[in-house]
Each structure stands twice: as structure tokens, then as C-alpha cells.
Amino acid sequence: MNIIEQMLSKYEIESEDALINALKEVYQEIALLGLYRGGFFEKAAFYGGTALRIIHGLDRFSEDLDFTLLQKNTSFDIEVYFPYVIDEFEALGIKMSLQKKTKSKDSDIESAFLKNNTSIHTLNIEINDLSNILDGVHSGKKLKIKFEVDTNPPLKFETTAHTLLLPTTFNIITMTLPNLYAGKLHAVLFRNWKTRVKGRDWYDFEWYVKRGVQINLNHLKERMVESGDFKHEDVFTPHILKELLKNKIETLDINKAKHDVQVFVKDKSRLDPWSKDYFKLLTDRITF
């Protein structure tokens with residue numbers, strides 16, 4: 001059993017979609033190892049839905065790798081670390097290429113809070129060489145993993161170290177759960193996807209509430225101030241947060257939210273309770 005097969009063995013793979021999701025996650029972990037080898041986590045922390053999935057066992061798949069610098073540095077260039085990522089994939093016999101995306105203001109979908117000094121890179125990974133373990137996935141298919149790093153991030157957050165065991169044992173730096181929670185609520189409240197609804201944000205919100213995770217209000221306020229959605233001099237309280245959430249829920253299209261997240265969730269019945277009243281109930285259960 002090679003390392004890819006070993007990493008895939010922990011998943012219950014019952015369809016091509018499930019296989020692709022599992023393989024993406026395996027590739028994400030290989031990419032994290034490459035970044036670790038290059039010393040990336042001395043300057044940056046892992047956050048977002050994929051961090052919640054890989055580190056804390058969130059029961060849905062996530063697509064992108066999101067990072068924040070520990071200190072503001074608009075001249076930071078993540079491309080310096082990509083040779084280490086490429087080396088890790090090539091050592092496993094996996095072909096890949098790297099593309100840098102230029103943000104267009106005319107994009108149909110606005111990436112959440114994407115600033116001019118947020119760099120986006122995409123790893124395009126060929127799966128031709130893995131036909132022995134990818135039965136049913138047609139030859140020539142490519143998987144994409146998007147990297148985003150905020151070089152001018154909102155601060156006032158805490159980090160912690162976590163150890164991953166595969167592809168080999170290594171350590172990464174992530175935001176702590178209260179700060180990951182703050183980032184998620186910021187997305188829930190202010191993500192601008194125009195006509196689309198990011199149901200994944202609401203799924204993660206439910207996850208945090210059910211586990212009684214306490215939110216770092218200071219970091220959430222810092223994010224809101226930096227995105228222009230709150231004034232620095234104003235007081236931010238739990239009551240204000242709950243009112244903002246309930247107002248947002250009033251405009252939430254539940255069906256669109258379900259449609260967005262269902263491909264990433266194995267048990268679709270988990271979405272059955274979703275309604276505006278249900279999310280308001282969750283809001284009342286937030287702990288501080």
C-alpha cells in the first residue's frame with residue numbers, strides 16, 4: 001500500500017464524488033506538508049473551513065486552503081514556498097502545475113473579503129498516474145486546490161500548533177477554535193457572493209454552536225472593522241452580534257443554502273432541520 005492509498009483508506013468511498021472529495025483532502029495534506037518543509041508556518045497560520053475539517057474533524061469536505069500571516073506584510077510572497085510543495089507531490093509521482101489568479105472586479109462571484117493584497121494560487125494536479133486506485137475516474141481529469149493567503153490580515157487572534165501524522169508526522173500552526181469561529185461568523189454575516197448563498201458557512205456555524213465553542217469577539221470586531229462593516233470606536237457586544245445574525249437569517253434563502261453544501265456532506269438528512277427559525281435558535285445558543 002503506497003502513501004496515497006494509506007491516506008485514502010480512512011475514508012468510506014461509495015461514489016466518484018466521494019472519491020474526488022477524499023483525494024482533494026489527501027492532496028491538501030500533502031500541500032500542507034510541503035509548506036511546513038519550507039518554514040511557511042513560522043510566518044503564517046492555517047484557518048477556514050479546511051482547517052476546521054482537517055484539524056477538528058468537521059464532517060463536511062472543504063475545497064480551499066486559507067492562510068493568514070501572523071503579522072501584516074504586504075510584500076510577502078507565498079510563491080517562495082511552492083517549490084517545497086511541488087517536491088512533495090513529485091516525490092509521490094504526482095504531476096502538478098501552479099497558476100496565479102488575478103482578481104477581476106467584474107467577477108460574477110465575489111470572493112469573501114478578497115483584498116488586492118490577497119494572493120490566490122491554484123495547484124492543478126493530474127490523476128492519470130493513479131488509475132490503480134481511482135477506478136471509475138476518467139483519465140485526464142484534474143483536481144484543483146486553491147491557496148489564499150491574507151498578507152494584510154485582521155489581527156487580535158491566537159494560534160496553536162497541531163500535529164498531522166500523514167503523509168509523515170509534521171506540525172502546522174492554526175488559529176484556535178474561538179478565532180476560527182470569529183472568522184466563520186464574519187463570513188456568515190458579510191460574505192458577498194451576489195446571487196449565491198454559501199450554505200457551507202451556515203453548516204459550519206451549526207457545528208460551532210452544537211459543540212459550545214466560545215467565540216473571540218475581539219477578533220470578530222477586528223475583522224468587521226477591517227472589512228468596513230463596523231466602526232472601531234463602537235462597542236461590540238454579544239447582543240449586537242445576535243441581532244446582526246438574526247437580521248441576516250431573515251434574508252437567508254434556505255433552499256440555496258442547502259443546495260450549496262449538500263455535495264460536501266455525506267448524510268443529507270443533516271440538512272432537514274434547516275429553517276430560519278432553526279438558525280435563530282442556534283443564534284440564541286451561542287456561547288461567549
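In this predicted model, the backbone oxygen of E63 is found 3.1 Å from a polar atom of the side chain of Q28. Q28 belongs to helix α2, and with a relative accessible area of 0% this residue is buried, because a value under 20% is counted as such. When neighbours within four places in sequence are set aside, the residues in contact with Q28 are T50, I54, S62, E63, D64, L65 and I145.

Q28 also takes part in the packing of two helices. Helix α2, which covers residues 16-37, and helix α3, which covers residues 49-56, have axes that come within 12 Å and cross at roughly 90°. Since an angle of 65 to 115 degrees is classed in this way, α2 and α3 are therefore described as roughly perpendicular to each other. On the side of α2 the contact is made by E25, Q28, E29 and L32, and on the side of α3 by T50, R53 and I54. Sorted by class, the residues of this contact of α2 with α3 comprise two that are nonpolar, two that are polar and three that are charged.

E63, whose backbone oxygen was described above in relation to the side chain of Q28, also has a side chain that makes a polar contact, at 3.1 Å, with the side chain of R200. R200 is a residue of helix α6, which spans residues 199-210. Although arginine is a charged residue, R200 counts as buried, because its relative accessibility is 7% and the limit for this class is under 20%. Beyond its neighbours within four places in sequence, R200 is in contact with R60, E63, W193, D260, V261 and F264.

D260, which appears among the contacts of R200, is located in helix α9, made up of residues 254-261. D260 has a relative accessible area of 9% and is therefore also classed as buried. Apart from neighbours within four places in sequence, the contacts of D260 are with W193, R196, V197, K198, G199 and R200. W193 thus appears in the contact lists of both D260 and R200. For G199, the model gives further detail: the C-alpha atoms of D260 and G199 are separated by 5.2 Å, although the two residues are 61 residues apart along the chain. In addition, a polar atom of the side chain of D260 lies 2.9 Å from the backbone nitrogen of G199.

A second pair of helices is formed by α5, residues 177-190, and α8, residues 238-250, which pack at an angle of about 45° with their axes 9 Å apart. As this angle falls in none of the ranges for roughly parallel, roughly perpendicular or roughly antiparallel axes, α5 and α8 are therefore oblique to each other. The crossing in which α5 passes α8 is left-handed. In this contact, L185, V188 and L189 of α5 meet L241, L244, L245 and K248 of α8. The residues involved divide into six that are nonpolar, none that is polar and one that is charged.

Helix α8 also contains E250, which is partly exposed, because its relative accessible area of 41% lies between the limits of 20% and 50%. Once neighbours within four places in sequence are left out, E250 is in contact with K276 and K280. The C-alpha atoms of E250 and D277, which are 27 residues apart along the chain, are separated by 9.2 Å.

Two features of the backbone occur in loops. Most residues other than glycine have a negative phi, and most peptide bonds are trans. K156, which is not a glycine, nevertheless has a positive phi of about 60°, and this residue is placed in the loop between β5, residues 142-150, and β6. The peptide bond from L166 to P167 is cis, with omega near 5°, and P167 is found in the loop that runs between β6, residues 159-164, and β7, residues 170-175.

Taken as a whole, the protein chain has 10 helices and seven strands. The chain contains 288 residues, of which 50% count as buried. Among the contacts in the protein chain with a separation of 6 or more, 72% are accounted for by residues 24 or more positions apart.

Key: Residues are numbered from 1 along each chain as its sequence is written. This is a predicted model: local features need pLDDT of at least 70, side-chain atom pairs count only at pLDDT 80 or more; totals for chains, interfaces and linings use all residues. Side-chain values use heavy atoms; hydrogens and water are left out. Axes are lines fitted to C-alpha atoms, for helices over the stretch in contact, and angles run from 0 to 180 degrees between N-to-C directions. Helices (H or I, at least four residues) and strands (E, at least two) are DSSP runs, numbered from the N terminus. Angles under 35 degrees count as roughly parallel, over 145 as roughly antiparallel, 65 to 115 as roughly perpendicular and the rest as oblique. A crossing is left-handed if the near helix is turned anticlockwise from the far one by less than a right angle, and right-handed if clockwise. Contact means heavy atoms within 4.5 Å. Buried means under 20% relative accessible area, exposed over 50%, partly exposed in between (1.4 Å probe, protein chains only). A polar contact is a pair of N or O atoms within 3.5 Å; within protein, one must be able to donate a hydrogen and the other to accept it, and residues adjacent in sequence count only if both atoms are side-chain atoms.
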